[in-house]
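Q: I should like to learn how to read a structure of this kind, one feature after another. Where might we begin?

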Amino acid sequence: MIVSGSASQALAAALARELEEPLAAVEYDRFPDGELLAAIPGLADADPDRAAFVASTVSTDAHL
């Protein structure tokens with residue numbers, strides 16, 4: 001199972017196609033303060049040895 005971060009959906013979809021692995025349906029909800037909640041229904045049923053998370057961090061903060 002391939003799980004995508006909110007900024008990596010196209011990359012995760014391409015990876016899932018290439019590896020012939022299912023792409024998890026991730027539900028995103030943004031809080032008023034800007035924080036993001038990601039829920040992954042069905043993740044508990046996934047084989048932990050066959051799960052990959054694809055995420056990228058984008059920041060304009062030069063101190064990172």
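**Reading the model step by step**

A: Let us begin with a single residue: Ala39 has a relative accessible area of 30%, so it is partly exposed. The model is a predicted one. Ala39 belongs to strand E3.

Q: Which residues is Ala39 in contact with, leaving aside its neighbours within four places in sequence?

A: Contacts show what surrounds a residue. For Ala39 they are Ala25, Val26 and Glu27. A separation between C-alpha atoms may be given as well: for Ala39 and Asp29, ten residues apart along the chain, it is 8.4 Å.

Q: How do E2 and E3 run, and how many bridges join them?

A: Pairing is described by direction and by bridges. E2 and E3 run antiparallel and are joined by four bridges. In one of these strands, E3, Ala38 is the bridge partner of Tyr28. E2 and E3 form a hairpin, with five residues between them. In the turn, Gly34 has a positive phi of about 100 degrees.

Q: How should I read a helix, and which residues of H1 are buried?

A: One asks which residues are buried and where they lie around the axis. In helix H1, which spans residues 9–19, Ala12, Ala13 and Ala16 are buried. Seen down the axis of H1, these buried residues fall within an arc of 100 degrees, and therefore they line one face of the helix.

Q: What lies on the face of H1 turned away from its buried side, and what covers the buried residues?

A: The face turned away carries the exposed residues Ala10, Leu11, Arg17 and Glu18. The cover over the buried residues of H1 includes strand E1 (2–4) and strand E4 (52–54). Just after H1, Glu20 takes a positive phi of about 55 degrees.

Q: Is Ser8, in the loop between E1 and H1, buried or exposed?

A: A residue in a loop is judged by its accessible area, as any other is. Ser8 has a relative accessible area of 4%; because the cut-off for buried is under 20%, Ser8 counts as buried. Not counting residues up to four places away in sequence, Ser8 touches Val54, Ala55 and Ser56.

Q: Which residues make up the largest nonpolar core?

A: A core is read as a group of residues. Here the largest nonpolar core has five residues in all: Met1, Val3, Ala24, Val26 and Ala46. For one of its members, Met1, the contacts beyond four places in sequence include Glu21, Pro22, Leu43, Ala46 and Arg50.

Q: How many salt bridges does a search of the whole structure find, and what does the pair link?

A: For charged side chains one looks at the partners, the distance and the places they join. The search finds one salt bridge. Glu21 forms it with Arg50, and the closest N and O atoms are 2.0 Å apart. The pair links distant parts of the chain, 29 residues apart: Glu21 is in the loop between H1 and strand E2 (27–30), and Arg50 is in the loop between strand E3 (36–39) and E4. Glu21 is buried, at a relative accessible area of 18%, whereas Arg50 is partly exposed, at 49%.

Q: Where in the protein is confidence lowest, and where is it highest?

A: In a predicted model, confidence is read both overall and by element. The mean pLDDT of the protein is 82, and 88% of its residues reach 70 or more. Confidence is lowest in E4, at a mean of 82, and highest in H1, at 91.

Notes: Residues are numbered from 1 along each chain as its sequence is written. This is a predicted model: local features need pLDDT of at least 70, side-chain atom pairs count only at pLDDT 80 or more; totals for chains, interfaces and linings use all residues. Side-chain values use heavy atoms; hydrogens and water are left out. A nonpolar core is a set of buried Ala, Val, Leu, Ile, Met, Phe, Trp, Tyr and Cys residues joined through side-chain atoms within 4.5 Å. Buried means under 20% relative accessible area, exposed over 50%, partly exposed in between (1.4 Å probe, protein chains only). Contact means heavy atoms within 4.5 Å. Helices (H or I, at least four residues) and strands (E, at least two) are DSSP runs, numbered from the N terminus. The arc is that of the directions from the helix axis to the C-beta atoms. A salt bridge is a side-chain nitrogen of Lys or Arg within 4 Å of a carboxyl oxygen of Asp or Glu. pLDDT is the predictor's confidence in each residue, from 0 to 100. Two strands pair if DSSP finds at least two bridges between them.
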